[in-house]
Amino acid sequence: MVVLLCFSCGNKSAVTKKLSGCDSLVITFNAHNSDSIMNIVNTTEKKAIRKLANFLKGDNTMQYKCGYDGSMVFYKKEEKVMAVVFNYSENGCRNFLYDMENILISTRMSNEAASFLGSLATGRGWY
């Protein structure tokens with residue numbers, strides 16, 4: 001149990017460290033389980049980027065086989081730092097999936113994160 005907690009804490013600080021200083025973010029929303037793009041949101045607003053980066057620090061969870069609703073790509077000085085896929089629309093499958101140092105990490109998505117992404121998907125921009 002202690003090893004799992006330390007592993008989880010290590011992932012949190014690794015995400016924070018990796019995404020610190022990111023200056024832009026592109027979020028693509030797809031029709032569920034499809035490559036059809038429904039909406040794209042771009043931002044350079046630091047508050048929004050930090051908020052979304054903090055959502056990734058949820059508890060580790062299994063890798064669901066439910067499909068994904070979209071992706072987020074974090075950039076620093078126009079260079080891709082990290083890509084994340086997510087599922088926010090299915091209650092039992094809400095998660096973020098990303099690569100951290102060649103290890104695939106899946107973290108649980110909070111209700112706040114799901115609501116935030118749902119709002120952005122429908123074109124409402126609030127941070």
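Start by selecting F116, which counts as buried at 0% relative accessibility. The model on screen is a predicted one. F116 belongs to helix 3, which covers residues 111-121. Now add L52 to the selection and show the C-alpha atoms. Those of F116 and L52 are separated by 8.9 Å, although the two residues lie 64 places apart along the chain.

**The largest pocket**

Next, turn to the largest pocket, which holds about 230 Å³ of space. To find its centre, select L19, S20, G21, I49 and R50, the closest to that point among the 14 residues of the lining. Then colour helix 1 (2-19) and helix 2 (46-55), the elements that each give two or more residues to the lining. Which helix gives the most to the lining of the largest pocket? Helix 2 does, with 5 residues. Colour the lining by residue type and it divides into 6 nonpolar, 4 polar and 4 charged residues. A probe the size of a water molecule, rolled over the atoms, is what shows where empty space is left.

A short stop at C22 comes next. Is C22 buried or exposed? C22 is buried, because its relative accessibility is 7% and the cut-off for buried is under 20%.

**The disulfide**

Now select C66 and C93 and show their side chains as sticks. A search of the whole structure finds 1 disulfide, and this is the pair that it joins, with an S to S distance of 1.8 Å. Where do the two ends sit? C66 is in the loop between helix 2 and strand 3, while C93 is in the loop between strand 4 (79-87) and strand 5. The link therefore ties together distant parts of the chain, 27 residues apart, and C93 counts as buried because its relative accessible area is 9%. Look along the S-S bond: the angle about it is -55 degrees, which makes the link of C66 and C93 left-handed.

**T61 and its contacts**

Stay in the loop between helix 2 and strand 3 (70-76), and select T61, which is also placed there. T61 is buried, because 16% relative accessibility falls under the 20% cut-off. Show Y64 as well: the side chains of T61 and Y64 make a polar contact of 3.1 Å. Then add N95, S106, T107 and R108, which T61 touches when residues up to four places away in sequence are not counted.

**The loop between strand 5 and strand 6**

For the last stop, go to the loop between strand 5 (95-100) and strand 6 (103-108), where E101 is found. N102 lies in that loop too. Check the backbone angles here. What is phi of E101 near? Phi of E101 is near 55 degrees, a positive value in a residue other than glycine. Phi of N102 is likewise positive, near 65 degrees, and N102 is not glycine either.

Switch on the surface to finish. E101 counts as exposed because its relative accessibility is 64%, with over 50% as the cut-off. N102 is exposed as well, with a relative accessible area of 73%. The tour began at F116, at 0% relative accessibility, and it ends here at N102, at 73%.

Terms used: Residues numbered from 1 in each chain as written. Predicted model: local features only at pLDDT ≥ 70, side-chain atom pairs only at ≥ 80, totals over all residues. Heavy atoms only, no water. 1 Å grid on protein atoms, 1.4 Å probe; cavity = no way out; pocket = protein on both sides within 12 Å on 5 of 7 lines; lining within 4 Å. Points joined across faces, edges and corners; volume = space filled by probe spheres on them. Helix = DSSP H or I, 4+ residues; strand = E, 2+ residues; numbered from the N terminus. Nonpolar A, V, L, I, M, F, W, Y, C, P; charged D, E, K, R; others polar. Buried < 20%, exposed > 50% of the residue type's maximum accessible area, 1.4 Å probe, protein only. Polar contact = N/O pair within 3.5 Å; in protein donor to acceptor, adjacent residues only side chain to side chain. Contact = heavy atoms within 4.5 Å. Disulfide = S-S within 2.5 Å.
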